[in-house]
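Here is a set of short exercises to work through with the model open beside you. Try each task first, then follow the solution step by step.

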Amino acid sequence: MAAPWTRLQGSGLRAAAEAAYRANALPYHDIGHVDRLYHHADRLGLPYDRRLDECILAHDVIMGLGPGENERASAEWLLGFGRSAEWAAPILDTIRHRPREDRAGLALLDLMDFTDASVSRRNTELLRREAIKRQGHAFDQRAWLMGTMTYLEGLRDGILDDLPALSAHPHADQWARIARGISIVMECAPHRYDPHPASGLI
């Protein structure tokens with residue numbers, strides 16, 4: 001089923017992005033993730049914005065380079081279609097996902113899945129599978145869990161730090177729900193992924 005909100009269906013840019021996501025072959029960072037952002041934009045009633053549309057499509061098109069570098073490379077990918085650095089700048093807002101730095105709403109959309117606990121659980125598992133795919137036999141679940149918890153804590157705390165300045169922001173409630181959703185993931189993930197000492201997997 002076609003995603004709502006976007007007007008890029010059938011475009012050359014959409015075809016190129018779909019090919020790139022297929023080549024990445026990642027369980028979470030795929031075209032389905034992109035289309036979920038379009039569904040979030042539709043549910044939030046965001047007015048159509050061509051720049052945001054293109055940045056949603058391109059924001060995870062390059063993966064495997066490391067935190068921050070993926071986003072910069074994805075923005076560069078969009079520049080290859082004749083767009084300016086300023087046009088692609090919202091992609092860089094997904095490096096830190098800070099509400100005060102969210103120029104076009106892309107960072108908000110990228111985190112909206114945290115407002116649904118069941119979707120968040122599924123996403124956590126898909127991200128674990130991505131880590132296994134990257135690391136193969138070197139994958140260490142305890143190290144992955146610790147890294148995930150550290151990342152989520154920083155993400156949540158950054159949002160909470162910005163919330164007092166967002167009292168008049170039209171999506172302040174959504175950011176607050178995201179922060180609560182991140183806390184829920186942090187509470188639940190260790191019970192699911194941290195092996196019991198008797199398992200012999202520590």
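**Exercise 1. The largest nonpolar core**

Task: In this predicted model, find which residues of the largest nonpolar core touch the most other members, and which element gives the most to this core.

Solution.
- Step 1. Start with the core itself, a set of 49 residues in which Ile56 and Ile178 touch the most other members.
- Step 2. Next, look at where the members come from. Two or more residues each are supplied by α1 (12-24), α2 (31-43), α3 (50-58), α4 (69-79), α5 (85-92), α6 (106-111), α8 (141-162) and α9 (172-193).
- Step 3. Now pick out the leading contributor: α9 gives the most, with nine residues.
- Step 4. Finally, zoom in on Ile56. Setting aside neighbours within four places in sequence, Ile56 is in contact with Trp5, Tyr21, Val34, Leu37, Tyr38, Leu106 and Leu109.

**Exercise 2. The fold as a whole**

Task: Work out how many helices and strands the chain has, and how its radius of gyration compares with the globule rule.

Solution.
- Step 1. Count the elements: there are nine helices and zero strands.
- Step 2. Reading along the sequence gives the pattern α-α-α-α-α-α-α-α-α.
- Step 3. Compare the radius of gyration, 17 Å, with the 17 Å that the globule rule gives for 202 residues; the two are close, so the chain is as compact as a globular protein of that length.
- Step 4. Add the outer dimensions: along the principal axes, the C-alpha atoms fill a box of roughly 55 × 40 × 30 Å.
- Step 5. Look at the contacts. Taking those between residues at least 6 apart in sequence, 66% join residues at least 24 apart.

**Exercise 3. Surface and charge**

Task: Find what share of the residues is buried, and how far apart the centres of the positive and negative side chains lie.

Solution.
- Step 1. Of the 202 residues in the chain, 47% are buried.
- Step 2. The accessible surface comes to about 10400 Å², and 54% of it belongs to carbon and sulfur atoms.
- Step 3. For charge, the tally is 24 positive and 28 negative side chains, with the centres of the two sets 3 Å apart.

**Exercise 4. Helix α3**

Task: Is α3 largely enclosed or largely open to the outside? Name the helices that its buried residues pack against.

Solution.
- Step 1. Seven of the nine residues of α3 are buried, so this helix is largely enclosed by the rest of the structure.
- Step 2. Those buried residues are Leu52, Asp53, Glu54, Cys55, Ile56, Leu57 and Ala58.
- Step 3. Their packing partners are α1, α2, α4, α5 and α6.

**Exercise 5. Two residues with positive phi**

Task: Compare the surroundings of Trp5 and Ala25, and say where along the chain Trp5 and Ala25 lie.

Solution.
- Step 1. A reminder helps here: most residues other than glycine have a negative phi.
- Step 2. Trp5 is not a glycine, yet has a positive phi of about 75°. Trp5 lies in the segment before α1 and counts as buried at 12% relative accessibility, since the cut-off for buried is under 20%.
- Step 3. Ala25 also has a positive phi, of about 50°, without being a glycine. Ala25 sits in the loop between α1 and α2 and is partly exposed, at 41% relative accessible area.

**Exercise 6. Buried or exposed?**

Task: Sort Asn123, Ser120, Glu187 and Met146 into buried or exposed.

Solution.
- Step 1. Recall the cut-offs: buried is under 20% relative accessible area and exposed is over 50%.
- Step 2. Asn123, in helix α7 (residues 117-135), has 6% and is buried. Beyond neighbours within four places in sequence, Asn123 is in contact with Tyr28, Arg36 and Asp113.
- Step 3. Ser120 is found in helix α7 and is buried at 4%. Outside four places in sequence, its contacts are Asp113, Phe114 and Val185.
- Step 4. Glu187, in helix α9, is exposed at 53%. The C-alpha atoms of Glu187 and Ala88 are separated by 35 Å.
- Step 5. Met146, in helix α8, is exposed with a relative accessible area of 53%. From Met146 to Ile62, the C-alpha to C-alpha distance is 25 Å, with their places 84 residues apart in sequence.

Notes. Residues are numbered from 1 along each chain as its sequence is written. This is a predicted model: local features need pLDDT of at least 70, side-chain atom pairs count only at pLDDT 80 or more; totals for chains, interfaces and linings use all residues. Side-chain values use heavy atoms; hydrogens and water are left out. Helices (H or I, at least four residues) and strands (E, at least two) are DSSP runs, numbered from the N terminus. The radius of gyration is taken over C-alpha atoms; the globule rule is 2.2 Å times the number of residues to the power 0.38. Buried means under 20% relative accessible area, exposed over 50%, partly exposed in between (1.4 Å probe, protein chains only). Contact means heavy atoms within 4.5 Å. Accessible areas come from the Shrake-Rupley method with a 1.4 Å probe; for residues, only the protein chains shown count as cover. Lys and Arg count as positive and Asp and Glu as negative; His and the chain ends are not counted. The place of a charge is taken as NZ of Lys, CZ of Arg, CG of Asp or CD of Glu. A nonpolar core is a set of buried Ala, Val, Leu, Ile, Met, Phe, Trp, Tyr and Cys residues joined through side-chain atoms within 4.5 Å.
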